[in-house]
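Here's a quick briefing to read alongside the model. We'll begin with the internal voids, then move to a single residue and finish with the chain as a whole.

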Amino acid sequence: MKKIVQIARLELSLLFYSPIAWLLIMILFLQMSFDLIPAIDEIQHIQQYIPAFSFLTDKFFTISIKVGNLPYGIFFGILSSLYLYTPLVTMGMISRETSSGTIKLLYSSPVKLSQIVYGKFLAMLVYNLVIIALMGLFLIVGILFIENFDYPHPLVALLVTFLLLSTYAAIGIFMSSLTTYQVVAAICTFALLAFMNYIGNFGQSLDFVRDLTYSLSMPSRAERMVAGLLNSRDVIYYLVVAGIFLGFTIVKLQLGRVSKPFLYHAGRYLLVLIIGLSVAYLSSRQPAIVYYDATYTKVNTIVPATQEILKAMGEEPLEVTAYVNGLHGSYSFAAPAGRIPATARWEPYLRFKSNINLKWVYYYDYRDPQFYILNQGKSLKTLFSERAKAFEMDTAGFLNPQEIRKQVDLRGENDRLVFQLKYKGKTTFLRTFDDATFWPGEPEVAAAMKRLIVTPPKVVFATDGYQRSMDKLGDRDYKMLANNKFGRSSMINIGFDIDSVSLENSEIPSDIATLVIGDPRVQFSPAAKAKLQKYIADGGNLLMAGEPGKQSIVNPLLDSLGVKMLEGTLVQSSTDFSYGLVTPTFAAAAVTMAADLEKAYKEKAKIAMPGAAALSDQHIEAFQVQPLLMTNEKIAWIKNGQFVLDSAALMFDAKSGDQKGAFPTALMLTRKLKNKEQRIIVAGDADFFSNKELTRSNIEVLNGTFGISFFSWFAHQEFPVNMSRSESRDNKLLLTKTGVGTLEILYYGLIPGTILLFGMVLLIRRKRK
């Protein structure tokens, strides 16, 4: 070890007496400064108008996505150019010895060749540590000026940067051993590192080539860890690559002393390569990988609720099959060229359940009649061939319509990319969505997995009395909330089963989470009403939503509940909206129903109800009745009789029967019955969770959140899966405009100038000696 340290000290003296080393350090520091300081200036300016700007540690140091005018995080941004700084430093490590002839002295000295290589590599490690120390100066900004700075995260980024630099150094040392010319060594190192930086983009459409090029792509592994998730697989990968090239260097120097056949030379290199790849392969097996999430909020780790679902699955494997239609636009997201990032989305789950088996099935099919109308005279096979040619698709392995229909029933999935999850013989679909993200997120994945281990709660919509439909996209219907397969937040995608029933023709199922009566427009028949009353008497959950003007239809259905829709219509004075739009706020019972509504309750969040009736508790002892939504008595009142909304402003008229006061527009009813709690909600408006109100954008309301909350209450919070995690703390930049100016002086001038001056002093002293 002593000889290795002596060689390292000698090599370091040569490094730091070189102007190149100091110049590269200064350029790297300035490059990072030009990314960080403008980002700080931008945040400081924005923060004057938006006090809370979350995840500042990530935004300044590690973020991999540009946000507005902000650049990438400085540690993420520097990864793609780190390879530019290594070749000029390592180019003379071995080639200098070879060209000057001192290599012969080293051969004859009592120093092992391995010690020479390790000594030179140790010198590069120290040089890299100097670079890391200078990068650490940027962390001082975070420590001093970011409230609750999330320091473990950027520390991991520094570690990853050090690993990448050290791996580049090992490659540079090997390239230096191949030639006597330092410039040639530098050029070859540049070429090889550039190749390993960009090779991950090549051959992505071919399975074997894709996996090979991905394994050779070095920065992509660093990018994942810079995001805050340190893992043993990628750390060992960098150590293995460095070890392989150091081994190659030792073999090269050893073979330079002896004359052996080509096969002997090749065998030595192959042995080093096989040992290195074996270690890398074994360490990449999922059960062997160790993870550390350095972020405070654990954003790189699935939430505890999802972890519990995977734990409950035990040792039984989970099979996930992606069905990818070559004739649909969603094919581009899961084409073979995009397989690696698509597969990587499952790693957070594989971390906690290593026997999730991913499969990709490619097929071509189309069920939309409009598609055939637009392409009359052409067979489906011909259309697929034309598309494959246009998009350069490899059609080998694609299943035809007959083959895919024998394998899985994809009717109702609109021919788009969909996953099928299979566990212990049970299956469920996990869908992709028509939004910017496209892929299912953790809420949808967790819900799909949980559906396989529990009985999904079923919400049934009654169809009698011309009620609103769960299957239509009309303004007044409920498809967006309940049954939109291609909407991320629709109930069918967050764990619920959705069905319908005719009370006239069928019995109400007894094992459902709730029955929905949505705006009946005609009187129920005696038979249908009797079934409903029996369902209530037996303890069934119920959502009853009526409309003003329909009191005579709705109130007979509410008799046994002790609740009544009052006559008249609620109106609300407004300078911007129709008087018919009432915006009640949450009552305290809403928090009892759903704890995640506490913030909305405290902030007096609104629900939009266009045309609502007030409700009244008749105070019977059967149920405990609590208001969920209350109107504002200062601006809203009950308007009696007929009125026209688009005429002059409405006025309160006590003589006509108008009533002032704060009125409930939604009530929560509960009672203990048959060893369980019966849950009922009565609403004086049937529009508030309709398709139109869920897309309202001209006023800030929480209709969608409220809708999901009360259906979750009916399901005893079984679904949706709880996605709550710690909120970010690093939300405030403690810096003024003057402070930003001071940082510019320090990081643009003073610190780079000090580096330059220190290097010049060392070089001048060396020249004098």
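**Cavities, a core residue and the whole chain**

The largest cavity encloses about 50 Å³ of space. Bear in mind that this is a predicted model. In total, the structure holds two cavities of 30 Å³ or more, and the second largest also comes out at about 50 Å³.

**Largest cavity**

- Seven residues are named for the lining here: Tyr363, Asp365, Arg367, Ile404, Val408, Leu410 and Asp415.
- Sorted by class, that lining has four nonpolar and three charged residues, with no polar ones.

**Second largest cavity**

- Around this one you'll find Tyr85, Thr86, Val89, Met124, Tyr127, Asn128, Ile131, Leu165 and Ala169.
- Its lining splits into seven nonpolar and two polar residues, and no charged residue takes part.
- Two helices, α8 (113–145) and α9, each put at least two residues into the lining.
- The top contributor is α8, which supplies four residues.

**Ile171, a residue of α9**

- Helix α9 covers residues 152–177, and Ile171 sits within it.
- Is Ile171 buried or exposed? Ile171 has a relative accessible area of 0%, and since anything under 20% counts as buried, it is therefore a buried residue.
- Which residues does Ile171 touch, once neighbours within four places in sequence are set aside? The contacts are Leu192, Leu193, Met196, Met218, Val241 and Phe245.
- Thr249 is 78 residues away from Ile171 along the chain, yet their C-alpha atoms are separated by just 9.0 Å.

**The chain as a whole**

- The protein chain has 769 residues, and 52% of them are buried.
- Its secondary structure runs to 30 helices and 21 strands.
- Measuring along the principal axes, the C-alpha trace spans about 110 × 70 × 55 Å.
- Take the contacts with a separation of 6 or more: 75% of them join residues 24 or more positions apart.
- As for the surface, the chain exposes about 35900 Å², and carbon and sulfur atoms supply 58% of that area.

**To recap**

- The two cavities have linings with these class counts: four nonpolar, no polar and three charged for the largest, and seven nonpolar, two polar and no charged for the second largest.
- Helix α9 comes up twice, as a supplier of at least two residues to the second largest cavity's lining and as the helix that holds Ile171.

Definitions and conventions
Residues numbered from 1 in each chain as written. Predicted model: local features only at pLDDT ≥ 70, side-chain atom pairs only at ≥ 80, totals over all residues. Heavy atoms only, no water. Buried < 20%, exposed > 50% of the residue type's maximum accessible area, 1.4 Å probe, protein only. Contact = heavy atoms within 4.5 Å. 1 Å grid on protein atoms, 1.4 Å probe; cavity = no way out; pocket = protein on both sides within 12 Å on 5 of 7 lines; lining within 4 Å. Points joined across faces, edges and corners; volume = space filled by probe spheres on them. Nonpolar A, V, L, I, M, F, W, Y, C, P; charged D, E, K, R; others polar. Areas by Shrake-Rupley, 256 points an atom, 1.4 Å probe, with all protein chains shown as cover.
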